[in-house]
Amino acid sequence: METATRLEQNRDRVLQEWVKRVHREVSAAQREPDPILINTLPAYIDKLVEALRATKEYASQNSTLAKEHGRERARVTNYSLDHVIQEIQIFREVVIDILEETGELTTFEIKIINLSTSKAVRESASNFMKAHDETRERLIGTITHDLRSPLTAAKMSMQMIVRYPDQCHEHLK
């Protein structure tokens with residue numbers, strides 16, 4: 001039976017085994033519910049099936065799934081970059097293990113799986129870091145704005161006292 005078909009038929013098993021291993025091996029995932037963990041993975045498996053059928057060079061080609069995955073991990077979880085990378089490595093291991101249990105894998109098919117997961121790591125990691133950078137920039141902008149407003153009021157008050165000391169002194173009485 002074709003490898004792509006075996007992957008399609010074992011999709012639920014891949015997801016279940018992956019979730020089990022991620023909960024066990026990725027410390028930040030232990031508190032995450034299954035739907036948050038799984039997020040784009042079913043669609044990514046579909047893309048990997050297409051790549052194994054040689055309609056694509058690798059799974060995320062012409063797709064934003066891996067990028068979305070990285071952004072979601074930054075937005076919704078307490079993951080570090082290392083956690084993002086680790087869960088994709090676990091995915092690769094689970095896919096290869098299950099496919100090898102159900103039949104043979106050619107060197108070319110292993111190459112497609114490895115290339116697909118390597119690119120997924122790069123794309124997910126890149127967008128994970130971009131999302132963190134955007135959050136940091138928004139936080140800095142908010143803090144700067146919040147600090148600037150009271151400082152501006154204090155500065156204006158000091159300028160008034162310096163320019164009009166007599167009137168200010170009378171108001172303070």
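**Exercise 1.** Determine how helices α2 and α6 are oriented to each other in this predicted model.

*Solution.* The two helices are oblique to each other. To see this, first locate them: α2 spans residues 11–25 and α6 spans residues 81–102. Next, take the packing angle, which is about 140 degrees, with the axes 9 Å apart. Finally, apply the cut-offs: an angle counts as roughly antiparallel over 145 degrees and as roughly perpendicular from 65 to 115 degrees. The angle of about 140 degrees therefore leads to the class oblique. As to handedness, the crossing of α2 past α6 is right-handed.

**Exercise 2.** Identify residues through which α2 and α6 meet, and describe the contact by residue class.

*Solution.* Begin with α2, which contributes Arg 13, Val 14, Glu 17, Trp 18, Arg 21, Val 22 and Glu 25. On the side of α6, the partners include Gln 86, Glu 87, Ile 90, Phe 91, Val 94, Ile 98 and Thr 102. Sorted by class, the contact comprises 8 nonpolar, 8 charged and 2 polar residues.

**Exercise 3.** State which secondary structure elements form the chain, and in what order.

*Solution.* Count the elements: there are 8 helices and 0 strands. Then read along the sequence, which gives the pattern α-α-α-α-α-α-α-α.

**Exercise 4.** Describe the burial, surface and contacts of the whole chain.

*Solution.* First, of the 173 residues in the chain, 38% are buried. Second, the exposed area is about 10500 Å², and carbon and sulfur atoms supply 54% of that area. Third, consider contacts between residues at least 6 apart in sequence: 75% of these join residues at least 24 apart.

Conventions: Residues are numbered from 1 along each chain as its sequence is written. This is a predicted model: local features need pLDDT of at least 70, side-chain atom pairs count only at pLDDT 80 or more; totals for chains, interfaces and linings use all residues. Side-chain values use heavy atoms; hydrogens and water are left out. Axes are lines fitted to C-alpha atoms, for helices over the stretch in contact, and angles run from 0 to 180 degrees between N-to-C directions. Helices (H or I, at least four residues) and strands (E, at least two) are DSSP runs, numbered from the N terminus. Angles under 35 degrees count as roughly parallel, over 145 as roughly antiparallel, 65 to 115 as roughly perpendicular and the rest as oblique. A crossing is left-handed if the near helix is turned anticlockwise from the far one by less than a right angle, and right-handed if clockwise. Contact means heavy atoms within 4.5 Å. Ala, Val, Leu, Ile, Met, Phe, Trp, Tyr, Cys and Pro count as nonpolar, Asp, Glu, Lys and Arg as charged, and the others, Gly among them, as polar. Buried means under 20% relative accessible area, exposed over 50%, partly exposed in between (1.4 Å probe, protein chains only). Accessible areas come from the Shrake-Rupley method with a 1.4 Å probe; for residues, only the protein chains shown count as cover.
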